[in-house]
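Here are my notes after a look through the model. Have it open next to you while you read, and follow the points in order.

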Amino acid sequence: MRRRLSAGTRRGRDFVPVAYSVAAMRIAITGGTGFVGSHLASHLAEQGHELVVISRGARASGAAGPAATRVTADVVSGSGLAAAFAGCDAVVNLVAVIVERRGQTFDAVNRQGAANVARAAVEAGVGHLVQLSALGADPDPRFGYLASKWSGEQAIRISGIPHTILRSSLVFGPGDGFFVKLARLIRRTPPFFPLPIAGDGRTLFQPIAAQDVARCIAIALERGPDPRVLAIGGPDHLSYEQIVDIIRRQVVSLPRMKVHIPVPAIRPVAALMAAVMRDPLVTPAQLDLLGHHNITVPGAVAAGFGFEPQRFADRAGYLRRRSR
Ligand SMILES: NC(=O)c1ccc[n+]([C@@H]2O[C@H](COP(=O)([O-])OP(=O)(O)OC[C@H]3O[C@@H](n4cnc5c(N)ncnc54)[C@H](OP(=O)(O)O)[C@@H]3O)[C@@H](O)[C@H]2O)c1
């Protein structure tokens, strides 16, 4: 049974209502302990929704609050998902990998995992599945991550589950897997060394804050299934080199020389890092992203979701904090 709630945000101990109200739902989030998942869980918990947070349990997460139910399940086998979804109004699928290792391949997790989530949601009688996909999702098999994200979308479409597919540009915020690593690379490059820029630096991105992705998903949940593919991104188109400049200003005080290194020259290093490091600085799939602009229209979120997303340049201060 849905309850009507006032939506709002918590400032200190005060709940600050906003001008609309949302119906409280029971929502399962697969991948709810990850980077985007943690932001979404805390946003939905603040709105008063009841949450079921599902992952393999490799990382801790308190983001969903003490009232959330935590379930350990693997989307690759799909076992236990339907039981976890029982009684849920909606499911949000945030499980994906950007580095392949052992059983966690792009195909197994990003395609088959999405198919298993969709099938289990149908079995459990869930009314709405929200899938977070990526801008650039495309069947071209040369780009494994993007092709698997596309296949995941198709699996959901043919499953019969009422759904909404959001395609996001790069997501930033504490705990992200891209900007934080660039900050680390810049911090670790000796001051007299030029900063390495992969490729010509001209590929465009549209960084969107994790809290804004969470807001878009919450609005999609409230609106219900939508047959369109909804592209989301921040307010600015920024070239890769502009992104590096913004991060550099956060982490080191003096300007640095830059050197452009062709992507094919970096690819073997990235493949080696992905094979031997638990948390590689750059992955082959991320290098693939440099091959295509990763953008939608700058006003996509304002037009599609009714709010102004935050600018990366205004919100990059979190990158000053050191991480490993
Ligand atoms: N981050 C971005 O810039 C970005 C941009 C566009 C789209 N997206 C999409 O947004 C979604 C979330 O990305 P993210 O950056 O938040 O990823 P993330 O931080 O790596 O989180 C992945 C989540 O999935 C869980 N997981 C991984 N493998 C699993 C499996 N086999 N079965 C069940 N759970 C599994 C992880 O927990 P365990 O490891 O404990 O299982 C974790 O909770 C993905 O679909 C991604 O494609 C992200």
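1. Start with Asp279, which is partly exposed at a relative accessible area of 26%. Keep in mind that this is a predicted model.

2. What does Asp279 pair with? One partner is Lys181: their side chains meet in a salt bridge, 3.0 Å from N to O. Lys181 sits in helix α5 while Asp279 is in the loop between α8 and α9, so this contact ties together parts that are 98 residues apart in sequence. Lys181 itself is buried, because its relative accessible area of 9% falls under the 20% cut-off.

3. Asp279 also meets the side chain of Arg184 in a salt bridge, here at 3.8 Å from N to O. Arg184 belongs to helix α5 and Asp279 to the loop between α8 and α9, so the pair ties together parts 95 residues apart in sequence. Is Arg184 buried or exposed? At 8% relative accessibility, Arg184 counts as buried. Put the two contacts together and you have a network of salt bridges linking Lys181, Arg184 and Asp279.

4. The structure holds eleven salt bridges. One more to click on is Lys258 with Glu241, where the closest N and O atoms are 3.2 Å apart. This pair links distant parts of the chain, with Lys258 in strand β15 (residues 258-261) and Glu241 in helix α7, 17 residues apart. Lys258 counts as partly exposed, at 29% relative accessibility.

5. Now for the inside. Nonpolar side chains tend to be buried together in soluble globular proteins. Here the largest nonpolar core has 41 residues, and the members that touch the most others are Phe179, Tyr240, Ile243, Ile247, Leu287, Phe312 and Leu319. Which elements give two or more residues to this core? They are α3, α4 (144-159), α5 (179-188), β10 (195-198), α7 (240-251), α8 (263-276) and α9 (284-289). Helix α7 gives the most, with six residues.

6. Back on the surface, Leu272, Val276 and Met277 make a nonpolar patch of about 290 Å². Met277 is in the loop between α8 and α9, which is also where Asp279 lies. With a relative accessible area of 32%, Met277 is partly exposed. That value is over the 30% needed for a residue to be part of a patch.

7. There is a charged patch to look at as well. Which residues form the positive surface patch? They are Arg56, Arg59, Arg101, Arg102 and Arg278. Of these, Arg102 is worth selecting by itself: you will find Arg102 in the loop between β6 (90-93) and α3 (106-123). Arg102 is exposed, because its relative accessible area of 84% is over the 50% cut-off.

8. Last, check the backbone at Arg102. Most residues other than glycine have a negative phi. Arg102 is not a glycine, yet its phi is positive, at about 35°. So if you make one close-up of this loop between β6 and α3, you can show the positive phi of Arg102 together with its exposed side, at 84% relative accessible area.

Conventions
Residues numbered from 1 in each chain as written. Predicted model: local features only at pLDDT ≥ 70, side-chain atom pairs only at ≥ 80, totals over all residues. Heavy atoms only, no water. Patch = residues over 30% accessible without salt bridge, like charges linked within 9 Å, V, L, I, M, F, W, Y side chains within 5 Å. Areas by Shrake-Rupley, 256 points an atom, 1.4 Å probe, with all protein chains shown as cover. Salt bridge = Lys/Arg side-chain N within 4 Å of Asp/Glu carboxyl O. Lys, Arg positive; Asp, Glu negative; His and termini not counted. Charge placed at Lys NZ, Arg CZ, Asp CG, Glu CD. Helix = DSSP H or I, 4+ residues; strand = E, 2+ residues; numbered from the N terminus. Buried < 20%, exposed > 50% of the residue type's maximum accessible area, 1.4 Å probe, protein only. Core = buried A, V, L, I, M, F, W, Y, C linked by side-chain atoms within 4.5 Å.
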